[in-house]
Structures are given as C-alpha cells and as structure tokens.
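Colleague: Thanks for sitting down with me over this one. Could you walk me through the reasoning behind the labels?

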Amino acid sequence: MKEKYFTNKQIISMAIMAAAMLLVSCITVPVVLGVAFPGIRCLSCGLFFGLIIALAYAKVPKFGVGTIVTLVCSLPMFFFSWVIPCFTVAAGLCTDIYFLLTGKKLTTVTTTGLGVVLMASMMVIAESLGIWFIDNNAWTSFAQYMSEGWRVAVGFFGSGILGGIGSFLATRIFKEFKSLRNHG
Amino acid sequence: MGKRIYRMHPVLKMGLCVLTTALTFPCWNPFRILGVCGILMALQLADYRPGIWRSFLIPFAVGGVMTGISYGLSKDLSGSACSGLHFSVLLLSSFYMFQTSPSELLRGLQSCRLPDQLQLAFLVMYRFVDVLREELASICQAGSMIDRKRIGLIKKGYRCILIPFSYRLLTLSDQLSLSVMSRDFGCQKRSNYRENPIRFRDAQGFLLLGLACVVILWMPLK
C-alpha cells in the first residue's frame, strides 16, 4: 500500500493548529475591525499566528504544512469574503517556500523566520488584494498602496516583527517541553 | 423538544449559507435583508435544535448594537440598519451552518468523495474551535489568580497564557491522534456507516431557497 505524504496523526496536529488560528482571529480581528490602518488585522493576531505556525512546523516538519494549516483555518472565513482564504493560503504558501529554501532545518533563527514570512507576506498580499478588489486596477492600486507611505511600512514591519516574536516564543516553549517534541 | 422538519445535506447547507451572505452584501434595502433573515430563521426552525432562541436573539442583538453605533456616527437610519442587518445575516447563516453535528458533516463530506485526510482535517478544526475556546477561558481564569504586579504583565502573559495554551494544543493533538489510530481511521470500511448522498429534495430545497433569496433581494418593487 502506498504510504501517504501526511499521516493521520500529522493531519490532526495541523487541524488543531488551524482551529487555534481560527479561534485567535475570531477573538482579535473583530476588536480592530473598525480601525482604518493598513495591516491592522495582521498586527492584531501576528503574535499568536507566529507562535502557532512555528508549533505546527515543529510538530510536523514537512513542506506543505503552512499551506494546509492556512487552508483549513481560512475555509470558514469564506463567509466574509473570498479574498480572505486567498491571501491566507498565499501567505501559507510563501511560508512553505521559505521553509523549503532553509533546507527544512528548524533552528531558532529559521523558526523565527517562519512567523516573519507568514505575517509580512500576509499583510502585503491582503492589502494588495483588498485595494485591487476595490479599485479593480492593478496600477492604480499599486500607486495608492505606495502613497500610504509610513503607515504601510509600520503595518508591514509590525506584522513581521510580531510574527517573528511569536515564532521565537514557540522555540522557547518547545525547549521547555522537549518531551512533547514528536515528529511521528 | 421540537421536531426536525427539514434537514438539508450539510454540503448544500454550507453552499446556501455562503450564497445568502454573498447575495445580501450588495443589497442596501433593510426590508429585503430582513426577508433573507426570515428565510434563515425559518430554516433554523425547520432544522430544530435545543437553544435555538439564543441563536435568534444574539444576531439581532449584535445587529442592533451595530445599527446604533452606525446611526450615532452617520445619522443615516436606512444605511445603519442595513449595516447592522448584514451582520445579523452573517451570524444567522453561521449559526444555521453550525447546527450540523460533526457526524452529519463527516457523512456529508464522505458522500461527496472528498479525500479522507481533508475531511479529517476539516472535521477536527470544526469540532475543536469550541473545545479550544473553553480551554483558553479556563487558562485565563486560572491565570487571573496570579497577581500581575508580582511577575509583570509580559511575563504573566507568557507564563500564564502562552505556555499553558501551547501545552494544551500539543497534548490535545497527541490524545486525539491516539484515539483516531486506536479506531483505525481510514484503514478499512466503516462498520457502522450510513451513506448520506445529496438527494433530489436537498437539491430542490437549495435551488428554491437560493431563488427565494434572489427574488427577495433583487425583485423590482414598482
């Protein structure tokens, strides 16, 4: 019998991480929904998303984990808008590509990078898609996006830094609970 | 306890919920949106579950608060009512979708021939959002007993929330995988498995209700 790429155990781990991501976004995003600041939604949940994605990679160190976790987490968000699953999965894919480029090695630095890549790419893709969705013109969108200046920069770097802090905390947590590390 | 009059196939139920929310968002007439709310409430009543009145009350309470805030800011009653009702539709359709029990959802997804692993992931995620919410509430409650001034806000957040929550995430996934493996999920045919295909009356209900939403939202009144 052909062995599957992900075992059931790994799928369950990823689904629980996805549930945690969904729960965190359900708590944090409505709080900042009315704030008009680029990337505020990524800023609000960046720390937890960074933590959870790093835990997911530590539990299942395989290519595709980011995409599957973000896909499962964002499916119920389809209610709000089709744009949400698009940018969430795209950010998960970027994280997977980063994981592949690092040679699938999870050191403290590369794990911290997982959160940075996830949140920074999510912020950029979400804002670009959002503006494009409203404007329906890529060049105007790009110009408008760049004209936001320091606000975009704060959103971009803030999301990345918070994601990085979250992932860094995950490495610390895993060191504290070494007995829980199980790649099965 | 009430009786379940009409139970739609879980996959079509999801499709209908997405359709109603997507159709309602471009509409800015409060009476038409109220019509869609009525359809969703009737569907929830037909697919009766205990505590259904709470799932009627919450959407309208939240929608009312949002209407009040919007009216306070814009002084436009119709626009504010629409923005509140859009949120009510969203909540009503979510509550209707989440009336599906995990086993119903699993059988519905299996009948659509989705890969086993994708079904498992979706089902676990669907079931565990609520479990994790309870876990997080217990962790926060336990953390409230530790004085913030004694260890500081950041350290308290890390020691009393992040570490216990991560620990629960990891142990929950281990426990659940053990349970799934002990039941041989995906290894052989289920001994107690009833097929739940999309029936004609499900498709008929989906089409009629979708059409009703379109008519309510877009039919010219004059």
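Modeller: Happy to! This is a predicted model, and the meeting of the chains is a good place to begin: 30 residues of chain A are in contact with 32 residues of chain B.

Colleague: What makes two residues count as in contact?

Modeller: Their C-beta atoms, placed from the backbone, have to lie within 7 Å. By that test, 30 residues of chain A and 32 of chain B qualify.

Colleague: Which helices of chain A supply at least two residues each of the side that touches chain B?

Modeller: Those are helix 1 (8-32), helix 2 (40-59), helix 3 (65-74) and helix 7 (150-176) of chain A. Helix 1 of chain A gives the largest share, with 14 residues.

Colleague: How many residues of that side are nonpolar, polar and charged?

Modeller: On the side of chain A that touches chain B, 23 residues are nonpolar, 3 polar and 4 charged.

Colleague: Now chain B itself. Why is it called more spread out than a compact globule?

Modeller: First, its make-up: chain B has 9 helices and 0 strands. The globule rule gives 17 Å for 222 residues, whereas the radius of gyration of chain B is 22 Å, well over that, so chain B is more spread out than a compact globule. Its C-alpha trace spans about 65 × 55 × 35 Å along the principal axes.

Colleague: What share of chain B counts as buried?

Modeller: A buried residue needs 20 or more other C-beta atoms within 10 Å of its own, and 28% of the 222 residues of chain B count as such.

Key:
Residues are numbered from 1 along each chain as its sequence is written. Chains are lettered from A and ligands numbered from 1 in the order in which they are written. This is a predicted model: local features need pLDDT of at least 70, side-chain atom pairs count only at pLDDT 80 or more; totals for chains, interfaces and linings use all residues. Helices (H or I, at least four residues) and strands (E, at least two) are DSSP runs, numbered from the N terminus. The radius of gyration is taken over C-alpha atoms; the globule rule is 2.2 Å times the number of residues to the power 0.38. A residue is buried if 20 or more other C-beta atoms lie within 10 Å of its own, exposed if 12 or fewer, and partly exposed in between; C-beta atoms are placed from the backbone. Ala, Val, Leu, Ile, Met, Phe, Trp, Tyr, Cys and Pro count as nonpolar, Asp, Glu, Lys and Arg as charged, and the others, Gly among them, as polar.
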